[in-house]
Amino acid sequence: MREIKKVAVLGANGAMGSRCGGIFAQAGVRCTFFARTEEKALLGIDNAVQQARSDILREYITPKTYDELEDELPECDWVFEALGEDIGLKRGYLERIDRARNKGTIVSTVSSSLSIEELAEGKSDDFKAHFLGVHFFNPPGKLPANELIFHPDNSDMLKSFVSSFCEDRLYRVNIVTYNRPGFAGNRIGFSFLNEATLYAEKHGVDTIDYLLGPHTGRAMPPLATIDLVGLDVYRAIVDYIYNKTDDERHETFSLPLYAEKMIRKGLLGRKGQTKSGFYSKGKEDEILGISPNSLEYSPLKSMKIEFVEDMKNYIHDGEYTKAVDIIKKERSPEADIVRHFILGYISYSYSRIGEVTPKEHGISGIDKVMAYGFSWLPPSGWVDLLGGPSPTISLIEKAGLPVSEQLSVQSADSHCLVSDVQKYLIAR
Amino acid sequence: MQMARKVFILGGHQTDFARNWTKEGKGIAAMIREVLDGGFSETAIEPGDLDAAHVGNFAGELYAMQAHLGAFICNYHPVLRGLPTSRHEAACASSSIAALMARAEIEAGIYDLVMVMGVELMKSIDSKTGGDYLGTAAWYEKECAGVDFPFPKLFDRLYDLYDEKYGVNYNHLAHISTINYENAKRNPKAQTRSWYMNLQHACSTGNYNRVIGKRLRATDCSQVTDGAAVIFLASEDYASLYAMRTGNNIDKIPYIQGWGHRTAPILFDDKEAEARVNKYVLPHTRTAITDAYTRAGIKGPSELSCIETHDCFSITEYAAIEHFGLASPGEGYKRIEDGTIEIGGSCPINPSGGLIGCGHPVGATGARQLLDAYLQVSGKAGEYQVDGVKRAATLNIGGSATTNVVHVIGRDA
């Protein structure tokens with residue numbers, strides 16, 4: 001019977017590598033954290049310890065450099081690749097792994113969008129049979145979603161083992177996804193986020209983030225989310241999806257020119273050197289928003305639109321039905337924007353069933369990835385809140401958006417399996 | 001001492017104790033609304049059937065600037081306007097007191113269906129202020145004023161008492177915490193279900209497991225939690241109709257078989273003096289338990305399948321093991337060593353994770369314990385179900401073992 005006693009983590013100094021490696025160490029698995037220098041590997045260990053809030057984790061993790069990769073790999077049962085999102089870089093290391101690993105060793109990539117089959121191209125048959133995508137979400141200590149992207153050569157036994165291990169030992173919520181650009185979560189999530197950047201060009205950064213704030217089912221407004229992801233990383237994902245897909249929302253993945261200019265100016269968001277992106281901080285720490293036209297920063301408008309404030313008040317008091325009724329009934333251009341985005345999210349999610357996740361899983365896979373990977377109110381949770389498939393379909397049609405057959409055939413008795421969806425309606 | 005009438009528990013609901021309602025921008029009214037939504041939905045009871053409601057809450061005025069919480073029940077649905085409601089306070093035993101009142105009303109034949117709700121919103125303030133508020137569960141001006149985080153220090157004195165009387169090996173306390181955290185991993189509503197914890201960590205000290213008082217560490221402490229729980233108590237008449245309506249056998253519906261309620265002196269100095277002349281360190285806790293056994297017509301823990309006990313600190317559960325009679329005074333550690341209190345043992349303690357693992361929204365804990373006892377006895381505890389439970393007990397303690405409330409819940413078939 002297969003056992004995972006030791007895992008090699010590549011890219012262990014990065015946020016994903018260190019934290020994902022930490023999840024294995026928390027399960028009592030010995031880990032070797034690889035980085036370019038031992039100092040960087042040690043920083044990765046510090047990250048893992050901080051995530052677990054326990055120094056005990058240090059006993060499970062050893063720091064090493066890539067020079068020692070070939071010596072270490074034969075002792076490892078699983079190689080967890082968490083290098084930068086660069087196909088050339090990854091392929092280079094995966095070749096080294098293929099040569100050094102024992103037959104049967106699992107190799108996984110935490111890539112959030114690159115093709116599993118492309119990464120495995122040219123490798124040995126045994127490598128392909130044991131290579132797959134295991135896409136944790138950041139931070140994995142708080143977000144348990146795990147997209148599993150199997151390679152066509154993976155056996156059923158391997159798939160079953162990895163699924164059970166991730167669920168039972170690593171406490172992940174597994175979502176089987178197909179090898180499509182952006183897999184499931186990023187495909188759906190980044191369509192929403194990027195469309196927000198397009199709308200911001202016309203309506204302003206602060207207006208869009210105000211209208212699509214946490215009261216619409218996301219812990220963070222969309223443009224603030226992009227600042228957190230980092231505009232350079234964000235662009236890589238959105239460009240990849242734009243170049244490799246062609247569906248009814250293809251143009252929502254087109255990065256606006258002003259965002260390109262921001263990136264060229266080094267305005268990469270929170271993690272960039274300037275610590276500025278869509279938002280920045282002024283001399284007195286006040287928050288400033290960027291103008292997409294001039295790329296200048298100015299203080300945020302103090303926004304108070306009655307229907308938005310009413311929604312927040314209802315959510316504060318737990319009157320979720322009344323809050324959602326506002327979305328359904330409010331007549332104004334601003335409410336149209338809110339409806340466009342929420343209904344567009346529902347429409348796009350249901351339309352991707354069978355393309356990004358198996359058809360037989362219905363909406364549940366997409367629900368899980370959006371709830372547990374993005375902390376967003378899942379699409380079928382919205383259908384429940386809007387009164388069921390029939391009222392939702394009417395609203396989608398009125399908004400001029402496509403209605404997926406999957407939504408049309410959903411029974412009125414079928415409900416979102418993610419518990420407590422109301423916790424995603426936030427009164428901030 | 002036998003109960004005059006049977007009082008059934010028809011089920012209930014609790015909120016997810018991992019949620020932070022302040023971060024969600026929600027107030028105590030939202031929490032009340034959600035727990036009632038869940039309670040009515042899960043039991044399929046109509047709000048209009050209620051005859052009365054009792055709310056347990058410790059310090060709404062402090063944490064949430066909101067008192068008079070009974071009135072919020074009437075706020076839930078127009079059909080509840082006019083319902084007799086009240087709020088009860090006995091520190092961490094608040095909702096057990098609410099349950100005692102509800103039970104008494106049904107036992108006296110006054111009402112047929114009474115709801116018990118416990119609610120506490122605690123994450124609205126910083127931890128130091130929260131520690132100060134918790135100090136009002138002791139004699140504040142004599143024991144807590146000017147003391148940072150007074151409660152771990154009070155329970156450190158319980159640790160000292162045990163150590164002086166019988167000796168305490170810290171590893172046994174670490175085992176209790178570890179078991180409760182492990183149990184919580186199987187409870188989908190437990191606050192700590194995704195936290196990292198094992199015996200190694202519990203035995204360590206350092207940045208991430210600081211000594212809070214004198215000897216008790218962070219892993220020995222229960223959590224600061226936002227949460228609510230609701231249960232429905234019913235007369236035999238109502239329960240019979242409910243059983244028919246829901247296709248159940250009334251013999252399989254859990255009921256309160258016994259209860260005990262005792263109050264110790266509030267000052268820990270006075271408790272210490274009593275402990276020195278008693279074989280039981282907490283004599284009033286022991287009496288509450290034996291009262292419950294007597295009312296239930298049982299001899300002792302050999303007739304219990306599991307216990308949900310008040311582990312505000314690991315030392316409190318350590319005390320509870322012998323106070324329930326699972327061991328002689330001073331020998332509770334034996335039940336830790338022989339695995340009795342673990343899942344799979346002969347009397348698992350805190351299969352839900354307890355206050356350490358599941359969480360401790362102070363005023364809601366009593367109702368949550370009763371709900372968990374109901375779930376265990378009715379076989380509905382899902383992944384943390386103990387096999388073959390026919391009878392369970394709960395112990396809910398307010399303050400430094402000041403208010404003590406015990407319930408024995410069981411079914412006939």
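**From an enclosed helix to the parts around it**

Helix α16(B) is largely enclosed by the rest of the structure, because 13 of its 13 residues are buried. The model in which this helix appears is a predicted one, and the helix is a convenient place from which to begin reading it. It takes in residues 365–377 of chain B, and its 13 residues reach 18 Å from the first C-alpha to the last, close to the 18 Å expected at 1.5 Å a residue. After α16(B) comes Gly379(B), a residue whose phi is positive, near 70 degrees.

A helix of chain A can be read in a similar way. Helix α1 of chain A, made of residues 15–26, has end C-alpha atoms that are 16 Å apart, and this agrees with the 16 Å that its twelve residues should span at 1.5 Å a residue. This helix is mostly covered, since eleven of its twelve residues are buried, among them Met16(A), Arg19(A), Ile23(A), Phe24(A) and Gln26(A). The cover over those buried residues includes the strands β1 (6–10), β2 (30–35), β3 (61–65), β4 (78–81) and β6 (131–136) of chain A, together with the helix α2 (38–52) of the same chain. Gly28(A) follows α1(A), and its phi is positive, near 85 degrees.

Stepping back from single helices, the reader may turn to the domains of chain A. The domain assignment gives domain 1 as residues 6–176 and domain 2 as 185–268 + 302–424, and the C-alpha centres of these two domains of chain A lie 31 Å apart. Where they meet, eleven residues of domain 1 of chain A are in contact with 15 residues of domain 2 of chain A. On the domain 1 side of this meeting, β7 (145–150) and β8 (173–176) of chain A each supply at least two residues, and β8(A) provides the largest share, with three residues. By class, the residues on that side divide into seven nonpolar, two polar and two charged.

The contact between the chains comes next, and here 18 residues of chain B are in contact with 19 residues of chain A. On the side of chain B that touches chain A, α1 (28–43) and α9 (199–202) of chain B each supply at least two residues, while α1(B) gives the most, with four residues. That side of chain B is made up of four nonpolar, eight polar and six charged residues.

In soluble globular proteins, nonpolar side chains tend to be buried together. The largest nonpolar core in this model holds 264 residues, and those that touch the most other members are Val9(A), Val116(B) and Leu233(B). From chain A, this core draws at least three residues from each of domain 1 and domain 2. Around Leu233(B), leaving aside residues up to four places away in sequence, the residues touched are Val7(B), Phe8(B), Ile9(B), Ala102(B), Arg103(B), Ile106(B), Val114(B) and Val116(B).

A final stop is Glu284(A), which is found in the loop between β9 (279–281) and β10 (287–290) of chain A. Is this residue buried or exposed? Glu284(A) counts as exposed, because it has 5 C-beta neighbours inside 10 Å, and the cut-off for that class is 12 or fewer. Its C-alpha atom is separated by 55 Å from that of Glu3(A), a residue 281 residues apart from Glu284(A) along the chain.

Definitions and conventions
Residues numbered from 1 in each chain as written. Chains lettered and ligands numbered in written order. Predicted model: local features only at pLDDT ≥ 70, side-chain atom pairs only at ≥ 80, totals over all residues. Domains from an automatic or database assignment. Contact = placed C-beta atoms within 7 Å. Nonpolar A, V, L, I, M, F, W, Y, C, P; charged D, E, K, R; others polar. Core = buried A, V, L, I, M, F, W, Y, C linked by C-beta atoms within 7 Å. Buried ≥ 20, exposed ≤ 12 C-beta atoms within 10 Å, placed from the backbone. Expected span 1.5 Å × (residues − 1).
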